Amino acid sequence: MISELEEDVREQIEESLKDVIDPELGVNVVDLGLVYGLGWDDAEDALTIYMTLTTAECPLQDDLAEQTRWALNGVVERHAISWVWMPAWTPERITEDGRDMMRALGFSI
């Protein structure tokens with residue numbers, strides 16, 4: 001069973017996940033809108049991260065998974081990424097902070 005996270009725990013995890021940077025775009029996965037959700041898997045006693053990629057063919061899945069492992073080190077003992085493909089990611093999911101970051105990097109968004 002997947003449980004909801006307490007708000008302060010959710011915020012701490014999201015803040016940690018902002019250290020996970022999409023190498024192609026130079027923006028973190030939270031502000032890109034790649035993190036679809038977080039939950040606690042009671043059976044596995046682990047955090048579940050529902051995350052997607054900008055495209056299903058993105059070759060950076062392993063890199064983002066490794067960055068996630070490092071970002072959550074000391075925050076949670078165990079986690080798993082559940083890769084989500086529906087609904088597909090679109091640029092509308094990018095936060096305003098993410099848009100500002102992309103503009104600063106020269107993207108027209």
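## A charged patch and a four-stranded sheet

Glu-6, Glu-7, Asp-8 and Glu-11 come together on the surface as a patch of negative charge. Keep in mind that this is a predicted model. Besides the patch, there's an open sheet of 4 strands to look at, with mixed pairing.

**The charged patch**
- Glu-11, one of the patch residues, sits in helix α1, which covers residues 7-17.
- Its relative accessible area is 45%, so Glu-11 counts as partly exposed.

**How the sheet is laid out**
- Reading across the sheet, the strands go β1-β4-β5-β6.
- β1 (2-3) and β6 (79-83) are the edge strands: each has a single partner strand, so one side of each has no neighbour in the sheet.
- In general, strands like these pair through backbone hydrogen bonds, and they can run parallel or antiparallel.

**Who pairs with whom**
- β1 and β4 run antiparallel and are joined by 2 bridges; here Ile-2 stands opposite Asp-41 in β4.
- β4 and β5 are antiparallel too, with 6 bridges joining them, and Gly-39 faces Thr-48 in β5.
- β5 (residues 46-51) and β6 run parallel, joined by 5 bridges; Leu-47 has His-79 in β6 as its bridge partner.

**A closer look at β4**
- Strand β4 (residues 35-41) has 5 of its 7 residues buried, so the rest of the structure largely encloses it.
- β4 also makes a hairpin with β5, with 4 residues between the two strands.
- Check out Asp-45 in that turn: it has a positive phi of about 50°.

Terms used. Residues are numbered from 1 along each chain as its sequence is written. This is a predicted model: local features need pLDDT of at least 70, side-chain atom pairs count only at pLDDT 80 or more; totals for chains, interfaces and linings use all residues. Side-chain values use heavy atoms; hydrogens and water are left out. Patches are made of residues with over 30% relative accessible area and no salt bridge: like charges are joined within 9 Å, nonpolar side chains (Val, Leu, Ile, Met, Phe, Trp, Tyr) within 5 Å. Accessible areas come from the Shrake-Rupley method with a 1.4 Å probe; for residues, only the protein chains shown count as cover. A salt bridge is a side-chain nitrogen of Lys or Arg within 4 Å of a carboxyl oxygen of Asp or Glu. Lys and Arg count as positive and Asp and Glu as negative; His and the chain ends are not counted. The place of a charge is taken as NZ of Lys, CZ of Arg, CG of Asp or CD of Glu. Buried means under 20% relative accessible area, exposed over 50%, partly exposed in between (1.4 Å probe, protein chains only). Two strands pair if DSSP finds at least two bridges between them.
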